[in-house]
Amino acid sequence: MWKEVLRGFKNFLMRGDVIVVAVGLVTALAFSTLIKAFTDFIINPIIARFQGGSAVGLGWQLGGPGNHATYLDIGQFISALIYFIIFMAVVYFLIVVPYKRVQARRGVTVFGEPAAIKTCPACLSDDLPAAAKKCRYCGTEQPPVASH
């Protein structure tokens, strides 16, 4: 029994998609470190400079002076937003786009456009496939979708 379980687990791990996802995750984590350093050591000082003077960063002190717990740090939020945008762009262009190309060569469409849908005029359900001839909920005949 254990032999079958281990064999099944090995087959699962050795599937091409799992390997691609694992490599993509490791790559994304490596880029995450680089992007974090970029935002911490380049973007944060630039944003903090906009505050001027001897301020801690771009933001406002809501409580007592020097209390970091009550400092509303807008600069850190802007930095986190920039980090997110850069990170997602790296993931998209270095992982998703090549993965789409590889899968397209295999004849598989991934991350494609969502399937066309239409709304039933009788019950107003809005998740019917465009090619549906009858509504799956009320059974009403569906008019054909005009092609553009």
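**Entry 1: Arg 49**

I looked up the exposure of Arg 49 in this predicted model. Arg 49 counts as exposed because its relative accessibility is 61%, and the cut-off for exposed is over 50%. I then placed Arg 49 in helix H2, which covers residues 16-51. I also looked up a distance across the chain: the C-alpha atoms of Arg 49 and Gly 75 are 9.8 Å apart, with the two positions 26 residues apart in chain numbering.

**Entry 2: a nonpolar patch on the surface**

Next I asked which residues make up the nonpolar surface patch. I noted Phe 77, Ile 78, Leu 81, Phe 84, Ile 85 and Met 88, and an area of about 580 Å². I checked one of these residues further. Phe 77 belongs to helix H3, residues 74-105. With a relative accessibility of 56%, Phe 77 counts as exposed.

**Entry 3: the largest nonpolar core**

I turned from the surface to the interior. In soluble globular proteins, nonpolar side chains tend to be buried together. The largest nonpolar core here has six residues: Ala 28, Ile 35, Tyr 83, Phe 87, Val 90 and Val 91. Which elements give two or more residues to this core? I found that they are H2 and H3. H3 contributes the most, with four residues.

I then followed Ile 35, a member of this core. Setting aside neighbours within four places in sequence, I recorded its contacts as Tyr 83, Ile 86, Phe 87 and Val 90.

**Entry 4: the cysteines**

How many disulfides does the structure hold? My search gave zero. I looked at Cys 120 in detail: it takes part in no disulfide, and the nearest cysteine sulfur, in Cys 138, lies 3.7 Å away. Cys 120 is buried, as its relative accessible area is 0%.

A disulfide is a covalent bond between the sulfur atoms of two cysteines. Why does Cys 123 not form a bond with Cys 135? The sulfur of Cys 123 has its closest cysteine sulfur in Cys 135, at 3.6 Å, and this is too far for a bond, because a disulfide requires sulfur atoms within 2.5 Å. I classed Cys 123 as partly exposed, at 33% relative accessibility.

**Entry 5: Leu 124**

I looked up the backbone of Leu 124. Leu 124 is not a glycine, yet it has a positive phi of about 65°. I located Leu 124 in the loop that joins strand E3 (117-118) to strand E4 (128-129). Is Leu 124 buried or exposed? Its relative accessible area is 60%, so Leu 124 is exposed.

**Entry 6: salt bridges**

I searched the whole structure for salt bridges and recorded two.

One salt bridge pairs the side chains of Lys 36 and Asp 40, at 3.1 Å from N to O. Lys 36 and Asp 40 are four residues apart in helix H2, which means that about one helical turn separates them. I noted that Lys 36 is partly exposed, with a relative accessible area of 42%. Asp 40 also counts as partly exposed, at 25% relative accessibility.

The other salt bridge joins Lys 134 and Glu 141, whose closest N and O atoms are 3.8 Å apart. For Lys 134 I recorded a relative accessible area of 49%, so Lys 134 is partly exposed. Glu 141, at 54%, is exposed.

How values were computed: Residues numbered from 1 in each chain as written. Predicted model: local features only at pLDDT ≥ 70, side-chain atom pairs only at ≥ 80, totals over all residues. Heavy atoms only, no water. Buried < 20%, exposed > 50% of the residue type's maximum accessible area, 1.4 Å probe, protein only. Patch = residues over 30% accessible without salt bridge, like charges linked within 9 Å, V, L, I, M, F, W, Y side chains within 5 Å. Areas by Shrake-Rupley, 256 points an atom, 1.4 Å probe, with all protein chains shown as cover. Salt bridge = Lys/Arg side-chain N within 4 Å of Asp/Glu carboxyl O. Core = buried A, V, L, I, M, F, W, Y, C linked by side-chain atoms within 4.5 Å. Contact = heavy atoms within 4.5 Å.
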